[in-house]
Amino acid sequence: MMEAKQHTTPRAILDSAERLFAAQGFEATSLRAITAHAAANLGAVNYHFSSKDALILAVLKRRMQPLNQERLALLDRFDAEAKAKPASIEKILEALFRPPLELIARPSKGGRYVLRLMAQCLAAQGAYLQPLVQEEFAEKNRRFHRALRRALPGLSNAEAHWRLHFAHGVFLHTVAHSQVLELSSEGHCRFENVEEALRRMISFCAAGLRAGTQVAGRKGRK
């Protein structure tokens, strides 16, 4: 019985920390609040995670690592299907957007918290987050950047980074503020169907990625 509790306690702490961090933020969430929510004692956090910073990293890595692995696996699949040609812009964007969209649509898998955790991770200034950002985001961004340069050789290196950054912004804003879309459209636009949302975002971002590529490429190389 004691051994079973030792195995379940870390997961209970991670689940509670994830929910509270998503709702309140990293700084505003205390370890006491997390342990109370998880029905654990404060010493359990120190025993299993050593510190609050380490707990934050564990919560983020648990979600970000499989998500980014799925994105890269999908990108690899689309590259292989394209054979000698580069994957299309639409396929690159699908690999970037589909895994998190499908996860968000599955609340039972923790999807309801993923977006808020991603946004907080990217916005937080703590130095302890830098290794995670480097490990879980930098390599993913480099891979998608290379795919974009292959698909649009007229883009400069810097322009490709800018445009991928903008595409990420479209995704984060769309899913984070879906209620604003519904209210402003008086219910005509609803973020309910993953495939429809994916199609619309890909169409919009693909046009932006392609816009004026030859001009942007020449200016970027000056």
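Tryptophan 162 and phenylalanine 166 sit four residues apart in helix α8 (residues 157-176), so about one helical turn separates them. They belong to a predicted model, and a search of the whole structure turns up three aromatic pairs. In this one the ring centres are 5.7 Å apart and the planes meet at 35 degrees, so the pair counts as tilted. Helix α8 is a good place to start, as it also helps to line the largest pocket and the second largest pocket.

**Overall build**

- The protein is made of eleven helices and has zero strands.
- Read from the N terminus, the order of elements is therefore a plain run of helices, α-α-α-α-α-α-α-α-α-α-α.
- Of its 222 residues, 40% count as buried.
- Among contacts with a separation of 6 or more, 74% link residues that are 24 or more positions apart.
- The accessible surface comes to about 12600 Å², and carbon and sulfur atoms hold 55% of that area.

**Aromatic pairs**

- Besides the pair in α8, the three aromatic pairs include phenylalanine 21 with phenylalanine 26.
- The geometry here is edge-to-face, with 5.3 Å from centre to centre and 80 degrees between the planes.
- Phenylalanine 21 and phenylalanine 26 are both buried.
- For tryptophan 162 and phenylalanine 166, the angle of 35 degrees makes the pair tilted, because stacked planes would have to be under 30 degrees apart and edge-to-face planes over 60.

**Positive phi outside glycine**

- Alanine 39 has a phi near 55 degrees, a positive value in a residue other than glycine.
- You will find alanine 39 in the loop that runs between α2 (31-38) and α3 (42-49).
- The relative accessibility of alanine 39 is 67%, so this residue counts as exposed, the cut-off being over 50%.
- Lysine 83 also has a positive phi, near 60 degrees, and is likewise a residue other than glycine.
- Its place is the loop between α4 (52-82) and α5 (89-104).
- Lysine 83 is exposed too, because its relative accessible area is 72%.

**Largest pocket**

- The largest pocket has a volume of about 380 Å³.
- Its lining is made up of 16 residues, and those nearest the centre are Thr174, Leu181, Phe191, Ala197 and Arg200.
- Helices α8 and α10 (194-210) each supply at least two residues of this lining.
- The biggest contribution comes from α10, which gives five residues.
- By type, the lining of the largest pocket divides into seven nonpolar, five polar and four charged residues.

**Second largest pocket**

- The volume of the second largest pocket is about 320 Å³.
- It is lined by 14 residues, with Lys140, Asn141, Leu164, His165 and His168 closest to its centre.
- Three helices, α6 (111-123), α7 (130-151) and α8, each provide at least two residues of the lining.
- Here the largest share belongs to α8, with seven residues.
- The lining of the second largest pocket splits into six nonpolar, six polar and two charged residues.

Note on methods: Residues are numbered from 1 along each chain as its sequence is written. This is a predicted model: local features need pLDDT of at least 70, side-chain atom pairs count only at pLDDT 80 or more; totals for chains, interfaces and linings use all residues. Side-chain values use heavy atoms; hydrogens and water are left out. Buried means under 20% relative accessible area, exposed over 50%, partly exposed in between (1.4 Å probe, protein chains only). Rings of Phe, Tyr and Trp (its six-membered ring) pair if their centres lie within 6.5 Å; planes under 30 degrees apart count as stacked, over 60 as edge-to-face and the rest as tilted. Contact means heavy atoms within 4.5 Å. Accessible areas come from the Shrake-Rupley method with a 1.4 Å probe; for residues, only the protein chains shown count as cover. On a 1 Å grid over the protein atoms alone, a cavity is a set of points where a 1.4 Å probe fits but cannot get out, and a pocket is an open set with protein on both sides within 12 Å along at least five of seven lines; lining residues have an atom within 4 Å of a point. Grid points are joined across faces, edges and corners, and a volume is the space filled by probe spheres set on the points. Ala, Val, Leu, Ile, Met, Phe, Trp, Tyr, Cys and Pro count as nonpolar, Asp, Glu, Lys and Arg as charged, and the others, Gly among them, as polar.
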